[in-house]
Amino acid sequence: GSGAQRLNPPARTFDIVAVGDWLSEGLVNNAAAAAAPPGVRYDHEPLLRPIAPIISSADLAICHMEIPIGVPGAKAGFLGRSAYGSSLIAAPYEAAGDLRRVGFDRCSTASNHSYDMGTAGIGTTLQAFDDVGITHTGTARTAQEAQPKPFAVNGVQVAHLSFARNSNTGFPSDPWKLRQAVTATNVINDVAAARAAGAEVVIVSLHVYVEMQTAPTADDRALVNQIVAQAKPDLILIHGPHVVQPVERVANTLVYWSLGNFIS
């Protein structure tokens, strides 16, 4: 009736929980508005409550914010169309605090929607996370902020990096504003920089762009193979397909080919 016991545990361990894409549009926003107490616009905590014990139990809980977060009181949801015809979407400011309430520590922010609100949207997203104490990676307000910086988790130095393979509104002219993985070069270089900065474990979040496929594309597989061969990250978490895909070991790197959607 009891769980297995490790007789010779490693000297240092930590647990990771990672979830799929946060993509809140009309139905999610309506549900969060309906759950909110008087005087509060949106409350996502009741929607997330069933999995809160899992999230809060982890030493490192990572979310993926696919869309920019607005300032307090700003419109959330569908904002219009980009020059390329794609939907421009924003999450409400309250989302960051609600993610923190259920136990998230960190979020990746590089995706095809990261630049939906331009440079200002990158800034408001990261400010919303700063306001509630969630750290972040993938987009940045300055070149210095974009540099890989290991952090301690249960005595282990961990680096978490985030990259997008495409952008619905084009990539910013400053590459540090939105880290891209059109090729493997940026990922390989950033993993090396993280190792040089002292990271013992390197986690890579990668947002790809072919949706609704139940297995990785040949192009994504080739990219990951190159990253693993040249950079050797410990864990790769893939977002963007919006459905769950298999988990594999590529050489010694654990790859979650798609974590699907977290909320949508």
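In this predicted model, five strands form an open sheet in the order β6-β5-β2-β1-β13. The pairing in this sheet is parallel. Six further strands make an open sheet of mixed pairing, ordered β7-β8-β9-β10-β12-β11. Helix packing, a hairpin, an aromatic pair and one proline complete the briefing.

**The five-stranded sheet**

- The edge strands are β6 (135–137) and β13 (261–263). Each of these edge strands pairs on one side only.
- On average, neighbouring strands here are turned by 35 degrees against each other, with direction ignored.
- Strand β1 covers residues 16–22, and strand β2 covers residues 60–65. The two run parallel and are joined by five bridges.
- One residue pair to look for is W22 and M65: M65 in β2 is the bridge partner of W22.

**An aromatic pair involving W22**

- Two aromatic pairs turn up in a search of the whole structure.
- One pair is formed by W22 and F262, whose ring centres are 6.3 Å apart. Their planes stand at 50 degrees, so the pair is tilted. For reference, planes under 30 degrees apart would count as stacked, and those over 60 as edge-to-face.
- This pair connects distant parts of the chain, with W22 in strand β1 and F262 in strand β13. The two residues are 240 residues apart.

**The six-stranded sheet**

- β7 (151–153) and β11 (247–250) stand at the edges of the order β7-β8-β9-β10-β12-β11. Each has a single partner strand, so one side of each lacks a neighbour in the sheet.
- From one strand to the next, the twist averages 30 degrees.
- Strand β9 (residues 201–207) and strand β10 (residues 235–239) run parallel. Five bridges join them.
- H207 has H239 as its bridge partner in β10.
- Helix α7 (residues 218–231) lies across β9, β10, β11 and β12 (253–256). Its direction is at about 155 degrees to β10.

**Helices α6 and α7**

- Helix α7 also packs with helix α6 (residues 185–196). Their axes come within 9 Å and cross at roughly 30 degrees.
- The two helices are therefore roughly parallel to each other. Angles under 35 degrees fall in that class.
- The crossing of α6 and α7 is right-handed.
- From α6, the contact residues are V187, I188 and V191. They meet Q226, I227, Q230 and A231 of α7.
- By class, this contact has five nonpolar residues, two polar residues and no charged residues.

**Helices α4 and α5**

- Helix α4 (residues 94–101) packs against helix α5 (residues 118–132) at an angle of about 40 degrees. Their axes are 8 Å apart.
- α4 and α5 are therefore oblique to each other.
- α4 passes α5 in a right-handed crossing.
- On the α4 side, the contact is made by A96, G97, L99 and R100. On the α5 side, A128, F129 and V132 take part.
- The contact of α4 with α5 has five nonpolar residues, one polar residue and one charged residue.

**The β3–β4 hairpin**

- Strand β3 (residues 77–81) and strand β4 (residues 87–90) run antiparallel, joined by four bridges.
- G80 stands opposite L88 in β4.
- Five residues lie between the strands of this hairpin. Within the hairpin, G85 takes a positive phi near 90 degrees.

**P150 and its surroundings**

- P150 is in the loop between β6 and β7. β6 is an edge strand of the five-stranded sheet, and β7 stands at an edge of the six-stranded sheet.
- Leaving aside residues up to four places away in sequence, P150 touches Q157, V158, A159, A194, A197, G198 and A199.
- P150 and L161 lie eleven residues apart in sequence. In space, their C-alpha atoms are 9.8 Å apart.

Note on methods:
Residues numbered from 1 in each chain as written. Predicted model: local features only at pLDDT ≥ 70, side-chain atom pairs only at ≥ 80, totals over all residues. Heavy atoms only, no water. Pairing = 2+ DSSP bridges. Axes fitted to C-alpha atoms, helices over the stretch in contact; angles between N-to-C directions. Contact = heavy atoms within 4.5 Å. Parallel < 35°, antiparallel > 145°, perpendicular 65-115°, else oblique. Left-handed = near helix turned anticlockwise from the far one by under 90°. Nonpolar A, V, L, I, M, F, W, Y, C, P; charged D, E, K, R; others polar. Phe/Tyr/Trp six-rings, centres within 6.5 Å; stacked < 30°, edge-to-face > 60°.
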